[in-house]
Amino acid sequence: MSGTTTAAAALRRRAAGAGANRWVVLVVLCTSLLLVAVDATVLHVAVPAVTEDLKPSAIELLWIVDTYPLVCASLLILFGTLGDRVGRRRILLLGYGLFGVASAMAALADTAQVLIVARALLGVGGAMIMPATLSILRQVFPSRRERALAIGIWSAVAAVGAAVGPLLGGFLLEHFWWGSVFLVNIPLMLISLPVGRLLLPESTGSDDGPWDVVGALMAAAGLFGVVLGVKRLGGGEDPGGPFTLVQLVAGVTLLVLFVRRQRRRKHPLVDLRMFARPAFSTSVGCIVLAMLALVGLELIAAQYLQLVLGLSPLETGLRLLPLTIAAMAAGLFGARLLRRFGPRRMVCAGFALTAFAVVLLTSMGHADNAPLLLSGFVLLGFGLETTLFGAYESMLSEAPPEQAGGAAAVGETSYQLGAGIGIALLGSVMNAAYTPGLASVPGVPASASKSAGHSLGEAYEVADRLGGSAGVALRRAARDSFVHGLHVTLLVSAGLLLLGAVAALRLPRGMQCEAPLAEVPAPREAVTPRVPV
C-alpha cells in the first residue's frame with residue numbers, strides 16, 4: 001500500500017514538474033517572439049536618423065525598410081517545414097544566433113548596402129524563429145485547453161511587441177545613435193540561446209521521404225514575388241506597370257506550380273489536404289481578412305491623427321496605445337472565451353465587434369473627439385485580437401502534430417500577406433476617394449492639384465508653396481477630401497469584416513478537447529531526443 005502511495009506521489013511530482021516546464025518553455029518562446037515583433041516596427045522611427053547618417057538613395061531607403069518583412073514572409077514556409085524535418089528546436093536556436101549576428105551587423109553598418117544586407121539576414125532569422133515558436137508550442141501543450149491559454153499569452157506578447165517597437169525606438173534615439181535600436185537585441189539573444197538549448201524540447205514531424213528542396217525554393221521565390229508586388233501596389237505603383245505586373249505574375253505562377261508539385265508528391269513539403277478541412281482553411285482566410293483590416297486601418301488612422309488633428313508622432317502612438325492594450329486583454333482572456341463560446345461564435349463575434357468599431361469611427365471629423373477615438377480603438381483592438389486568437393487556435397488544433405511547423409508557417413504567411421494586401425487594397429480605396437476632391441480647387445493650377453492628389457502630406461507642402469488664398473483653399477479641400485476618403489475606406493473595411501464573420505460560420509461550433517495525456521499517448525514520431533546544435 002505504501003509502495004503504491006509512493007509511486008502515485010512520484011507520478012504527481014513528475015506531472016507537476018512537466019507542467020511547470022511547459023510554462024517555462026512558453027516564457028522562452030514569448031521572449032524570442034517579442035524580439036521579432038519589436039524588430040518589425042522599431043526601425044520606423046529611426047528612418048530620419050538613418051537617412052541623415054548613411055545618405056541612402058530613395059530606392060535604398062525603401063529596401064532598408066522593406067527588406068526585413070519581405071525576406072521573412074518569403075521564407076516562413078521553407079523554414080517551418082524544414083523544422084518539421086530536422087528539428088524545430090534546432091531551427092529556432094539557429095535563428096537566435098543569426099538574429100543576434102545580424103543585429104550587430106545592422107548596428108555597426110556604415111553604408112546603406114551593409115544595412116540592407118543586415119536587414120535581409122534579420123528577415124532570415126525571423127523566418128526561422130516565428131514558425132518554430134508556434135510549432136514547439138503546439139508540441140509542448142498537447143492539451144487543447146492549456147494550448148488555448150498559451151496561444152493567448154503568445155498573441156498578447158506579439159501585440160505588445162508591435163506597440164513597444166516605435167516607443168522603444170523613440171526612447172533610444174533620444175539618448176543614443178540609431179544603431180542602438182538593433183543593439184538591444186543582442187543581450188536578449190545571448191541569454192535566449194543557452195537557455196533555449198537547455199530548456200526547449202526537440203521535436204520533429206514525420207521523416208518519411210526526402211525534404212523537397214525544389215518545392216521549398218519555389219515557395220520562397222513565389223512568395224517573394226507576390227509580397228514584393230503587393231508592397232509596390234501599396235506604395236502607389238501602377239498595377240499595370242511592367243515591374244509590378246511581372247513580379248505578381250511570376251510569383252503567382254511559381255505558387256501555382258508549387259501547389260501542383262505538392263499534390264503529385266508522395267511526401268509533400270506541405271500537406272495540402274489540411275486545406276480540405278473546413279476549420280483549417282477557414283481559419284487561414286480569417287487571419288488574412290483580420291490583418292487586412294488591422295494594418296490598413298492603423299496606417300490610415302496614424303495619418304489622420306498626425307495630418308488632420310495635428311498630433312505629434314509620440315501623441316499619435318499614445319492615442320493608438322489603447323488598441324494594443326485591448327488586444328493584450330483579448331489575448332489573455334481568449335482561452336476562457338473560447339471554452340465558453342467555441343471557435344465559431346468567438347471568431348464571428350470578433351469580426352462583428354470590429355465591424356461595429358469601424359462604423360463607429362466613421363464619426364471622426366476635422367475636430368478631435370478623444371472619447372470617440374478611445375472607444376473605437378478599444379473595440380477595434382479587442383475585436384481583432386479575439387478574431388486572430390480564435391483563428392490561430394483553430395488552425396493549429398486542426399493540423400496534425402507532425403505538420404505543426406508547416407501549419408504555423410502557413411498561418412504566419414497568411415498574416416504577412418493579409419497585412420500587405422490590406423495596405424495595398426485600403427490604400428487604393430483611400431486614394432480613389434481622396435484624389436477627385438482636389439481636381440478643381442478655385443485658384444489652384446492643375447499641376448499643383450495633381451501633385452496634391454498624391455497624398456495629404458504632399459498637399460500640405462504644395463499649399464505652403466502656393467500661399468495666399470489659393471494655399472488656404474487647397475489645404476482645406478485636401479483635409480476635407482482626406483476625411484471623406486477615410487469614411488469610405490472605413491465602410492469598405494466594415495464590409496470585408498462582415499464577410500469574414502460570414503466565412504467564420506464554417507468553423508466548429510464547440511471546442512473539442514483531447515483526452516488527458518495519460519489516456520492518449522503522444523505519437524512516437526512527434527517527439528525525438530534532443531539533437532545538439
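The expected span of a helix is 1.5 Å times one less than its number of residues. With that rule in hand, the tour of this predicted model may begin at a helix to which it applies.

**First selection: helix α13**

Select residues 370-398, which form helix α13. The helix contains 29 residues, and its first and last C-alpha atoms are 42 Å apart, close to the expected 42 Å. Display the surroundings as well: α13 is mostly covered, with 21 of its 29 residues buried.

**Second selection: the largest cavity**

The model holds 2 cavities of 30 Å³ or more. Helix α13 leads to one of them, since it is among the elements that give two or more residues to the lining of the largest cavity; the others are α11 (278-308), α12 (313-360) and α17 (468-503). Select L297, A301, L361, F377 and L490, which lie nearest the centre of this cavity among its 11 lining residues. The space enclosed is about 80 Å³. Which helix gives the most to this lining? It is α11, with 3 residues. Colouring by residue class shows a lining of 10 nonpolar residues and 1 charged residue, with no polar ones.

**Third selection: the second largest cavity**

Next, select F79, G80, G83, R88, I91, M128, P131, A132 and S135, the residues that line the second largest cavity. About 30 Å³ of space lies within. Three helices, α3 (58-86), α4 and α5 (112-140), each supply at least two of the lining residues. Helix α5 gives the most, with 4. By class, this lining has 5 nonpolar, 3 polar and 1 charged residues.

**Fourth selection: confidence along the chain**

Finally, colour the protein chain by pLDDT. The mean is 76, and 83% of the residues reach 70 or more. Where is confidence lowest, and where is it highest? The lowest mean, 60, belongs to helix α1 (residues 2-41), whereas the highest, 88, belongs to helix α4 (residues 88-107). Helix α4 is also one of the contributors to the lining of the second largest cavity.

Two stretches deserve separate selections. Over residues 1-20 the pLDDT is below 50, and this stretch has 0 contacts in the model beyond near neighbours in sequence. Residues 515-533 also stay under 50 in pLDDT, yet for them the model has 33 contacts beyond four places in sequence.

Definitions and conventions: Residues numbered from 1 in each chain as written. Predicted model: local features only at pLDDT ≥ 70, side-chain atom pairs only at ≥ 80, totals over all residues. Heavy atoms only, no water. pLDDT = per-residue confidence, 0-100. Contact = heavy atoms within 4.5 Å. Buried < 20%, exposed > 50% of the residue type's maximum accessible area, 1.4 Å probe, protein only. 1 Å grid on protein atoms, 1.4 Å probe; cavity = no way out; pocket = protein on both sides within 12 Å on 5 of 7 lines; lining within 4 Å. Points joined across faces, edges and corners; volume = space filled by probe spheres on them. Nonpolar A, V, L, I, M, F, W, Y, C, P; charged D, E, K, R; others polar.
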